[in-house]
Amino acid sequence: MAKASFDPQEFRSALSTFTTGVTIITTRAENGDPVGITANSFNSVSLNPPMVLWSLDKSAMSLPAFTSNKHWNVHILSVEQEALSGRFASRGEDKFKGLELDTGINNIPLLKNCTARFNCRTAFIYEGGDHMIFVGEVLGFDKSERPPLAFQSGQYALAARKPREGVQLGATPPPECSYTEDLLGYLAGRAHFQLVAALQNVLKTQQLNEQQFFILSVLSIQDSLTIEEINTFVDYTGGAVTLEDMAALEEQDYVVLVKKNGSSRYVLTANGREASLKQIAVAKAVEEQIADQIGAGDVEALKILFKRLIKATDPGLPDLWATKEENDAKKTAS
Ligand SMILES: Cc1cc2nc3c(=O)[nH]c(=O)nc-3n(C[C@H](O)[C@H](O)[C@H](O)COP(=O)(O)O)c2cc1C
């Protein structure tokens, strides 16, 4: 075949726009050692008879194992298996070290916690340029509800779904109306209020307003803070915490003021901790309900997109989960 006249990097980059899942394909070498490789060249071929294919770089260390052993397992990886994908994409090291395996057909290694798994037997091997193409007959498979990992343009990605019926919230606004439902701020704001509706009911029974809820949340993560320190964490909500807010929480037995070494620090009481745990339980229950409605994979995708959005709009907030020293170091570095 004639040599390509185009830039191989560009070619690779154009090919990588084709979004795929990620698989690990395993077999055993002639000496019995387990062998495995990360591959996104996997594809379905035929339903009847059931067949799949994938291609292997001729320079891969695992090539002799796959050409000599007719049996191999394909594992469609779940979103939680990115690290496993990285491990099997590295050359030569002991990729199976410490991994718990299920037993597969002919003792071929079978990885756990995947989205789907296929037990295959080589039907054909074709030469395809610098790769070998393996076509396998599927002897058996299993499937779980775990959302799959995706790969796009050289990066791991999320397979969020677009429902067939679309996702329009209301009537299409007239063209002269510039306020549409596609404004990110409107969507984020409305989602926030709908999401915290159940929590608001709990707050009502606990006689807490939103500001006081923020204070309890901060203290449940970083106990023993001065009012100034509390404010560095909640400032971004637009409402400054006052001594009156803190006094109200003290009166309700949610916090106590502890004077130590000349500074006054607020600490959660047992009652305050219990109230906070109840709020977290409700937030988790709401999340589970949403996962049932839109799917765990889409909830995962939403979380990652929200984290990106929060990072992109971060006014320089201290990290709630870091130590004071870590936050001080971050502040001096920026
Ligand atoms: C997401 C992803 C997909 C990959 N797909 C393939 C593939 O389809 N075929 C292939 O030969 N290598 C593929 N690789 C590269 C191999 O996993 C990598 O070269 C591995 O080190 C080969 O292992 P071995 O040399 O021990 O056989 C992929 C890597 C990643 C990260």
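**Close-up views of a predicted two-domain model with its ligand**

**Figure 1. An aromatic cluster in the predicted model.** Trp54, Phe66, Trp72 and Phe134 together form one aromatic cluster. The coordinates shown here and in the following views belong to a predicted model. Over the whole structure, the count of aromatic pairs comes to 12.

**Figure 2. Two aromatic pairs, one tilted and one stacked.** A pair of aromatic rings is described by the distance of the centres and the angle of the planes. Phenylalanine 6 and phenylalanine 11 make a tilted pair, with 5.3 Å from centre to centre and 40° between the planes. Phenylalanine 6 has a relative accessible area of 49% and is therefore partly exposed, and phenylalanine 11, with a relative accessible area of 42%, is likewise classed as partly exposed. Phenylalanine 124 and tyrosine 126 make a stacked pair, in which the centres are 5.9 Å apart and the planes enclose an angle of 25°; this pair counts as stacked because planes under 30 degrees apart fall into that class. Phenylalanine 124 is partly exposed at a relative accessible area of 40%, and tyrosine 126 is partly exposed at 43% relative accessibility.

**Figure 3. The ligand and the residues around it.** The shell around the ligand holds 19 residues, of which Thr38, Ser41, Asp57, Ser62 and Ala89 are the closest. By residue class, this shell divides into 8 nonpolar, 8 polar and 3 charged residues. A nitrogen atom of the ligand lies 3.0 Å from a polar backbone atom of asparagine 40, and an oxygen atom of the ligand lies 2.9 Å from a polar backbone atom of methionine 61. For lysine 95 the side chain is involved, with one of its N or O atoms 2.9 Å from an oxygen atom of the ligand. On its own the ligand has 640 Å² of accessible area, and the protein covers 83% of this. Strand 3 (34–39) and strand 5 (51–57) are the elements that give two or more residues to the shell around the ligand.

**Figure 4. A cis peptide bond before proline 49.** The peptide bond that leads from asparagine 48 to proline 49 is cis, and its omega is near 0°. Proline 49 belongs to the loop that runs between strand 4 (43–46) and strand 5.

**Figure 5. Two residues other than glycine with positive phi.** Asparagine 107, which is not a glycine, nevertheless has a positive phi of about 60°. The residue sits in the loop between strand 7 (101–103) and strand 8 (109–111), and asparagine 107 is partly exposed at 44% relative accessibility. Serine 224 also has a positive phi, here near 70°, and its place is the loop between helix 6 and helix 7 (227–234). With a relative accessible area of 29%, serine 224 is partly exposed.

**Figure 6. The two domains and a buried glutamate in a loop.** The protein chain is divided into domain 1 (13–158) and domain 2 (184–324), and the C-alpha centres of these two domains are 43 Å apart. Glutamate 181 is located in the loop between strand 12 (155–158) and helix 4 (184–195). Its relative accessibility is 19%, so glutamate 181 counts as buried, given that buried means under 20% relative accessible area. Glutamate 181 and cysteine 114 are separated by 67 residues in sequence and by 37 Å in space, taken from C-alpha to C-alpha.

**Figure 7. Two buried glutamines.** Glutamine 206 lies in the loop that links helix 5 (197–205) and helix 6 (210–221), and this residue is buried, with a relative accessible area of 8%. The side chain of glutamine 206 reaches the backbone oxygen of alanine 275 at a distance of 3.2 Å. Glutamine 279 is part of helix 9 (residues 270–294), and its relative accessible area of 3% likewise places glutamine 279 among buried residues. Although glutamine 279 and alanine 198 are 81 residues apart in sequence, their C-alpha atoms lie 9.5 Å from each other in space.

Technical notes:
Residues numbered from 1 in each chain as written. Predicted model: local features only at pLDDT ≥ 70, side-chain atom pairs only at ≥ 80, totals over all residues. Heavy atoms only, no water. Near = heavy atom within 4 Å. Polar contact = N/O pair within 3.5 Å; in protein donor to acceptor, adjacent residues only side chain to side chain. Areas by Shrake-Rupley, 256 points an atom, 1.4 Å probe, with all protein chains shown as cover. Helix = DSSP H or I, 4+ residues; strand = E, 2+ residues; numbered from the N terminus. Nonpolar A, V, L, I, M, F, W, Y, C, P; charged D, E, K, R; others polar. Phe/Tyr/Trp six-rings, centres within 6.5 Å; stacked < 30°, edge-to-face > 60°. Buried < 20%, exposed > 50% of the residue type's maximum accessible area, 1.4 Å probe, protein only. Domains from an automatic or database assignment.
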